[in-house]
Amino acid sequence: MLTSQSGSQAPMAPRAAGALLHERERTATRREKRAFARHSIESCRTIAVRRLDADGQPFGRWFIADIADVAEGGMCLIANEDQALEAGQWLLLDVRSHPGFGQLRLRAQLRWFTRAHFALSFGVAFATPLKEVPVLSVERRGTRRDPNQEEWALEEERMGGAAAQTP
């Protein structure tokens with residue numbers, strides 16, 4: 001059963017979901033359409049994600065997300081943990097596991113999300129589009145990591161979050 005972003009049951013449509021999606025794409029305003037082509041990802045290192053409060057300050061704990069696709073303007077991510085996210089919310093993405101981004105952190109706005117029993121899929125738009133699609137690092141780890149236990153996160157916690165700011 002499909003659910004909407006708020007978790008309520010989606011209305012039943014008399015036509016196939018693909019036809020409905022195609023119609024929405026055709027009638028979407030220019031602003032709603034993707035500005036950049038998406039590039040699917042097979043297997044790469046995870047990134048850490050943290051919510052930002054209304055003042056743009058990090059709050060809550062980091063969580064891990066897999067990259068499903070990436071473009072100059074944003075990414076589709078998948079998290080195995082349920083997170084309290086809201087459309088329009090700003091997030092801090094720690095992309096240090098992918099030197100191809102050319103930076104350690106990115107700010108991004110949550111554009112959409114879909115909850116399933118086993119995962120949360122969500123799309124983010126970068127605050128500043130990238131100049132090009134980054135080369136991503138292949139995943140070599142056999143176990144899931146907890147970003148809150150990594151040295152950079154522990155140092156931020158010792159410093160009271162001051163180091164959590166983007167450069």
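These legends go with a set of close-up views of a predicted model.

**View 1. The whole chain, with its two helices and seven strands.** Reading from the N terminus, the order is α-β-β-β-β-β-β-β-α, with the strands sitting between one helix and the other. The protein has 167 residues, and 36% of them count as buried. Its exposed surface comes to about 10,700 Å², with carbon and sulfur atoms supplying 52% of that. Take the contacts with a separation of 6 or more: 62% of them link residues 24 or more positions apart.

**View 2. Inside the largest nonpolar core, a set of 25 residues.** Ile47, Met75, Leu77, Leu93, Phe122 and Val124 are the members that touch the most others. At least two residues of this core come from each of strand 2 (47–52), strand 3 (58–70), strand 4 (74–79), strand 5 (90–94), strand 6 (105–115) and strand 7 (120–126). Another core lies apart from it and has six residues, including Leu52, Leu92, Trp152 and Ala153.

**View 3. The one aromatic pair in the structure.** Here are phenylalanine 63 and phenylalanine 122, with ring centres 6.3 Å apart. Their planes meet at 55 degrees, so the pair counts as tilted; edge-to-face would need over 60. Phenylalanine 63 belongs to strand 3 and phenylalanine 122 to strand 7, so the pair ties together parts 59 residues apart in sequence. Both partners are tucked away: phenylalanine 63 is buried with a relative accessible area of 2%, and phenylalanine 122 is buried with 0%.

**View 4. Strand 7 and its two antiparallel partners, strand 4 and strand 6.** Six bridges join strand 7 to strand 4, and in that pairing alanine 79 has leucine 120 as its bridge partner. On the strand 6 side there are seven bridges, and phenylalanine 113 stands opposite phenylalanine 122. The link from strand 6 to strand 7 is a hairpin through four residues. Five of the seven residues of strand 7 are buried, so the rest of the structure largely encloses this strand. As background for looking at any strand here, side chains in a regular strand alternate between the two faces of the sheet.

**View 5. Glycine 73, in the loop between strand 3 and strand 4.** Although it is a loop residue, glycine 73 is buried, with a relative accessible area of 17%, and the cut-off for buried is under 20%. Valine 124 is 51 residues away along the chain, yet the C-alpha atoms of glycine 73 and valine 124 are separated by 8.5 Å. Valine 124 is also one of the core members picked out in View 2.

**View 6. Helix 2 (residues 151–158) and its buried residues, Trp152, Ala153 and Glu156.** Looking down the axis of helix 2, these buried residues fall within an arc of 100 degrees, so they line one face of the helix. An α-helix has 3.6 residues a turn, so residues three or four places apart point the same way. What do the buried residues of helix 2 pack against? They pack against strand 2, strand 3, strand 5 and strand 6. On the other side of helix 2, Glu151, Glu157 and Arg158 are exposed. Trp152 and Ala153 turn up in the six-residue core as well. After helix 2 comes glycine 160, with a positive phi near 75 degrees.

Key:
Residues are numbered from 1 along each chain as its sequence is written. This is a predicted model: local features need pLDDT of at least 70, side-chain atom pairs count only at pLDDT 80 or more; totals for chains, interfaces and linings use all residues. Side-chain values use heavy atoms; hydrogens and water are left out. A nonpolar core is a set of buried Ala, Val, Leu, Ile, Met, Phe, Trp, Tyr and Cys residues joined through side-chain atoms within 4.5 Å. Buried means under 20% relative accessible area, exposed over 50%, partly exposed in between (1.4 Å probe, protein chains only). Rings of Phe, Tyr and Trp (its six-membered ring) pair if their centres lie within 6.5 Å; planes under 30 degrees apart count as stacked, over 60 as edge-to-face and the rest as tilted. Contact means heavy atoms within 4.5 Å. Accessible areas come from the Shrake-Rupley method with a 1.4 Å probe; for residues, only the protein chains shown count as cover. The arc is that of the directions from the helix axis to the C-beta atoms. Two strands pair if DSSP finds at least two bridges between them.
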